[in-house]
Amino acid sequence: MKRVELIDVSKSYDKQVDVISNINVTIEPGEFFVLVGPSGCGKSTMLRMIAGLEEITGGTLKIGEKVANNLSPDKRDLSMVFQNYALYPHLSVQQNITFGLDVKKMKKEEQRKKANEVAEMLGLTEYLDRKPRELSGGQRQRVALARAIVSETPICLMDEPLSNLDAKLRAHMRSEIRRIQRSLGITMIYVTHDQVEAMTMGDRIMILHEGKIQQIGKPIDIYNYPANPFVATFIGSPPMNLAKAEFNPSTSELVIADELRLPVPIDEIGKLPRTSMTVGVRPENLYPITPETKAEDVFHVEVTNVEILGNETVFSFKLGGEEWMAKWSGQWHIDIGDRMPVRMEFESLSIFDEQSGELIKGTIDYGKYVKQQKVSP
Amino acid sequence: MTRIGRVWRKSVDGRTAALYLLPSIILFSVFVFYPMFRTIYLSFFLTDQTGNAAIMVGFENFVYLLGSSEFQNSMKATGLFVLYTVPITIILALFFALLANEKLKGIGFFRTMYSSTMGISVAASSVIWLFMFNPSIGMFNRLLGVLNLPQIQWLLDPEWALLSVSISTIWMNIGFSFLILLGGLQNIDEHLYESSRIDGAGYFYRLRRITLPMLSPTLFFIITISLINAFQTFGQIDILTKGGPSQSTNLIVYSIYREAFINYQFGTASAQAVILFLIILIVTILQFKLGERKVHYQ
């Protein structure tokens, strides 16, 4: 277990344009830290800088308490799993797993013992004598994982390790990697472009976009309080619906995309900007109406697409030129072209400053507890 | 009639395949199969001046050749030539390819230079070497003179001639081997090296455990091609030494040429060609049998 600290780290290839800039983050010992962002955002480059495979052109990288900027990769006490696994095709699974141990001139006997232990942990025992090409994608992935584990380094880096697997196997390996990380207590830095992986695996996640940090935090906090519209649409599936809105002081209503009018509670008015703003609402916060719904909270939309996922129904509609989506739990029989009544609450809106994109008002906490938090006397 | 119709219909795939193969079958027949069978046919005959079969002699041509000291000498020279050129060419080419595979500024220039000998014809480069080997005005003897070393009759001394031809051949062949090996090196997944760097593997460890095994199919290919090439060397012999002095560089293909087009003995020339064919065949089969076990195809 070791801490990894990045202080004002930046990277440029031509000494003019920074592809990564102002990275300040401390990854705690034993933490599962996920770097997530769209492709080309610099997340892999950042990981490779931590690994020592790319030069750091600005700032300081500390591993443990030591400055590691110019340490060679093998002196950084870390292991890495590559996207294409980087298995040696000419070596058997066992030799692949023990490659790093052999480099360190460990005794053959001990190498074999360790390889067997790790193979057992990952269910690879019967494949030890095979070549990588004789394995399935999932098994290769495990070999790559075994190679990282057997080195017993305190830090493990993973670069999109699950992107070559099919959906089912990916879901399985997600929990497996998480389990292994917990039981070994290693510090994990995990790169992915898949927000589901980020949400489900990370203790904390960092969202990168165009080489800049957008937000760092616990997955659920990022989901509830996205720092800007980019994060709001990147995290969550389907993404948060966004639209331009203006506050009308005379009626104290929020006018969304010139179409919807939503009354604003009196104590919230002061917090709203005088000018226009961007509002966002998660698809699951667009509700079906109930008999108790007040008429002024309801608006009608024309359905443009419907997806029934078994236990939930997602339908889309146009609002202010943007496609919005609503997610209702249960199976709803909706046809394209139907006019649907939809209810929206001011509480569940996220409001962003139009210029800076900063979050002005977040949604309320919808979290539920199994046990009551406060025990009544 | 119906039976023929059925066979005709059933063989539609075969006929389509034959049609696709036709162009290469025609080309191969004209330039490879016909000359090959003609050579085998001629090797059993004595011929007249124009190369037509005259008297059928059976295996006598072969018996004569195997007993002839001239042919034995030619075989020995060929064997030595192969031993001198093939290993050194490949080791040097591999060394240069490893150097040129590093990511350095201006490496493209070196890559072009190292592979440039591929672009020079055997005739042209042989003439250049002919000048360099010249005993009085050649660069090598000048150099020896400057260093106060005794002069060498590069192409005129029977002790040195084969070595001199080998040196120039190595130089000529390096370009091609270099290019093939460099291509093989660049095909190796960069991630394998990155992964091993994280494990702390040094340069020679990586060379031994990653580069060479991953390069083995390419190495195997280039060794096979170089062996066959070395057995078939002709151009540089014709220009540099004409088989001399005292037969010391009379390699087998040159000997075939002399037998056929100077002595007009097409029968024995064909017999030599058949023997050369068998030798190359056996060497290649042996190489596949022994070498393939050590080759890792992906």
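In what order do the five strands of the open sheet in chain A run, and is their pairing parallel or antiparallel? Before I answer, please keep in mind that what we have on the screen is a predicted model. The order is E15-E19-E16-E17-E18, and the pairing is antiparallel. At the edges of this sheet stand strand E15, residues 286-287, and strand E18, residues 322-329, and each of them has a single partner strand, so one side of each is left without a neighbour in the sheet. Further in, strand E16, which covers residues 298-308 of chain A, pairs with strand E17, residues 312-319 of chain A, through five bridges in the antiparallel sense. If you would like one residue pair to look for there, take Val306(A), whose bridge partner in E17(A) is Phe315(A).

Let me turn to the cysteines. Searching the whole structure, over all chains, gives zero disulfides. Cys41(A), for example, is in no disulfide, and the nearest cysteine sulfur, that of Cys156(A), lies 19 Å away. Seen from the other end, the sulfur of Cys156(A) has its closest cysteine sulfur in Cys41(A), and at 19 Å that is too far for a bond, given that a disulfide needs the two sulfur atoms within 2.5 Å. Both residues are nevertheless out of reach of the surface probe to a great extent: Cys41(A) is buried, with a relative accessible area of 2%, and Cys156(A) counts as buried as well, at 4% relative accessibility.

Cys156(A) also brings me to the cavities, of which the search finds three of 30 Å³ or more in the whole structure. The second largest has a volume of about 60 Å³, and its lining includes Cys156(A) together with, among others, Leu145(A), Met158(A) and Ile177(A). The elements that give two or more residues to this lining are H4, strand E7 (155-159) and helix H5 (167-184), each of chain A, and H4(A) gives the most, with three residues. By class, this lining has nine nonpolar residues, no polar and no charged ones.

What, then, is the volume of the largest cavity? The value is about 80 Å³, and the lining draws on both chains, with Arg147(A), Ala148(A) and Ser151(A) among the residues from chain A, and Ser195(B), Ile198(B) and Asp199(B) from chain B. At least two lining residues come from each of strand E6 (78-81) and helix H4 (137-150) of chain A and helix H9 (190-199) of chain B. Here the classes divide into four nonpolar, three polar and two charged residues. Ala148(A) is worth a look on the screen, since this residue lines the largest cavity and also the second largest.

Definitions and conventions: Residues numbered from 1 in each chain as written. Chains lettered and ligands numbered in written order. Predicted model: local features only at pLDDT ≥ 70, side-chain atom pairs only at ≥ 80, totals over all residues. Heavy atoms only, no water. Buried < 20%, exposed > 50% of the residue type's maximum accessible area, 1.4 Å probe, protein only. 1 Å grid on protein atoms, 1.4 Å probe; cavity = no way out; pocket = protein on both sides within 12 Å on 5 of 7 lines; lining within 4 Å. Points joined across faces, edges and corners; volume = space filled by probe spheres on them. Helix = DSSP H or I, 4+ residues; strand = E, 2+ residues; numbered from the N terminus. Nonpolar A, V, L, I, M, F, W, Y, C, P; charged D, E, K, R; others polar. Pairing = 2+ DSSP bridges.
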